[in-house]
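Good morning, everyone, and thank you for making room for me. I would like to walk through one structure slowly, explaining the terms as they come up.

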Amino acid sequence: MRRTMLFLPGNTPNMLINGDTLGADTIIFDLEDAVSPDEKDAARILVRNALRYQSYPGCETVVRINPTDTAFWKEDLRAVIPLKPDVIMPTKVNGGAMIREVSACMAEVERAAGIEEGTVKILPLIETAMGVEKAFEIATADARVIGLFLGGEDFTADLHCKRTKEGNEIFYARTRLVCAARACGIEAYDTPFTDVEDMEGLEKDTEFAKSLGFAGKAVISPRHVDIVNAVFSPTEAEIAYAHDVMDAIEEGKRQGKGVISLRGKMIDAPIVKRASQVLEMEKAIYGGAQYE
Ligand SMILES: CC(C)(COP(=O)(O)OP(=O)(O)OC[C@H]1O[C@@H](n2cnc3c(N)ncnc32)[C@H](O)[C@@H]1OP(=O)(O)O)[C@@H](O)C(=O)NCCC(=O)NCCSC(=O)C[C@@](O)(CC(=O)O)C(=O)O
Ligand SMILES: [Mg+2]
């Protein structure tokens, strides 16, 4: 479950220290664009120490590394992989070859550190026109890939267009990523909403991302966590309905029927599939059935 993925700039110790207490499902230690080139070494040491000395219970840990055309990315991997973050996020990913290159370097570091090869996963950040066009190739490039993550700011810069709150300019990229990810049985995660003060805009943007099929969204501020978590969590009514669907389908089975009706609406296999997804989320969030 990755409803919210909170970015923590790697060079800000106060943000790294309490990252897991802010309610996000995932925290992303950033060594890339939130860190200026002359702070890269310091940030790498800080993130390494955070992974070594802090524990982040209940939070997935991701490290966002620098692009493969920089002098930094291999150093990033050598510094953090021995501390076993859950996931590495390569940046400006524009094809499957880049993922294989990162994965090969990760394997080298894993072997040297005595860690089973393949332990640390990959969540590619797709934020170029080429990356969007090659989304499926990226998703299938390596067994470590666990999802696709859209970066709207760099993507619109690459398109030479303005990023707007309405998001028409990223609509194609959003749907393309969701479709490529789901075609491979993995999930897509949406770009952050960058206006820290606009909670109404955040909620609208998050609702829209969810309606397209995204499983979660990045956030840059702890103030955004509750809204994004709420949007990506099933409501009480959705959970109650999912239980009713399961009860109804069981009753239908007893009566030898594949299709039944619940409060005047047809219930068949896709509806049952969606209901079971809601119940899985209920279990993941509440540790069991919350409403029966
Ligand atoms: C935005 C802002 C400067 C606002 O600052 P403000 O000072 O106004 O925030 P306030 O709300 O006043 O802070 C109140 C208290 O919360 C603490 N606090 C704030 N943020 C926190 C946080 N993230 N984690 C933990 N703690 C936090 C703060 O330390 C303070 O604590 P305290 O002093 O104790 O009261 C700040 O949030 C921030 O730096 N965010 C992270 C930015 C970042 O990582 N960007 C890179 C990743 S995105 C990216 O790269 C996108 C992409 O890759 C993809 C694409 O393409 O889309 C691209 O290409 O663009
Ligand atoms: Mg970016």
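I will begin with how the model is described, then turn to the sheet, the metal ion, the other ligand and a few single residues.

This is a predicted model, in which local features need pLDDT of at least 70, side-chain atom pairs count only at pLDDT 80 or more, and totals for chains, interfaces and linings use all residues. Residues are numbered from 1 along each chain as its sequence is written, chains are lettered from A and ligands numbered from 1 in the order in which they are written, and side-chain values use heavy atoms, with hydrogens and water left out.

Let us take the sheet. When I say helix or strand I mean a DSSP run, numbered from the N terminus, with at least four residues (H or I) for a helix and at least two (E) for a strand. Two strands pair if DSSP finds at least two bridges between them. In what order do the strands of the open sheet lie? The sheet has nine strands in the order 5-4-3-2-1-9-8-7-6, with parallel pairing. Strand 5 (121-122) and strand 6 stand at the edges with a single partner strand each, so one side of each is left without a neighbour in the sheet.

Starting from the strand 5 edge, strand 4 (residues 87-89) pairs with strand 5 in the parallel sense over two bridges, and Val87 stands opposite Lys121 in strand 5. Further in, strand 2 (residues 26-30) and strand 3 are parallel partners over five bridges, with Thr26 opposite Glu60 in strand 3. From the other edge, strand 6 and strand 7 are joined in the parallel sense by two bridges, and the bridge partner of Ile126 in strand 7 is Leu150. Strand 7 also pairs with strand 8 (residues 187-190), in the parallel sense and over three bridges, where Leu148 has Ala188 of strand 8 as its bridge partner.

How covered are these strands? I call a residue buried under 20% relative accessible area, exposed over 50%, and partly exposed in between, using a 1.4 Å probe and protein chains only. In a regular strand the side chains alternate between the two faces of the sheet. In strand 3 (residues 60-64), Glu60, Val62 and Arg64 are on one side and Thr61 and Val63 on the other, and all are buried. In strand 7 (residues 147-150), Gly147 and Phe149 point one way and Leu148 and Leu150 the other way, and all of these are buried too.

Now to the magnesium ion, which is ligand 2. Which residues are its protein donors? They are Glu127 (OE) and Asp154 (OD), lying 2.0 to 2.2 Å from the ion, where donors are N, O and S atoms within 2.8 Å of the metal (3.2 Å for Na, K and Ca), and water is not among the atoms, so sites may look incomplete. Glu127 lies in the loop between strand 6 (125-126) and helix 5 (129-133) and Asp154 in helix 7 (residues 152-159), so the pair ties together parts that are 27 residues apart in sequence. Glu127 is buried, with a relative accessible area of 3%, whereas Asp154, at 25%, is partly exposed. A polar atom of the Glu127 side chain also lies 3.0 Å from the backbone nitrogen of Lys92.

Asp154 leads us on to ligand 1, since a polar side-chain atom of this residue lies 2.3 Å from an oxygen atom of that ligand. A nitrogen atom of ligand 1 is 2.7 Å from a polar backbone atom of Phe7, and a polar side-chain atom of Asn14 lies 3.4 Å from one of the ligand's oxygen atoms. Taken alone, ligand 1 exposes 1,100 Å², of which the protein buries 62%; such accessible areas come from the Shrake-Rupley method with a 1.4 Å probe, and for residues only the protein chains shown count as cover. Strand 1 gives the most to the shell around ligand 1, with four residues.

I will finish with two backbone details. Lys84 has a positive phi of about 50 degrees although it is not a glycine, and its place is in the loop between helix 3 (73-80) and strand 4. His160, likewise a residue other than glycine, has a positive phi near 60 degrees; His160 sits in the loop between helix 7 and helix 8 (171-183) and, at 76% relative accessibility, counts as exposed.

Methods
Polar contact = N/O pair within 3.5 Å; in protein donor to acceptor, adjacent residues only side chain to side chain.
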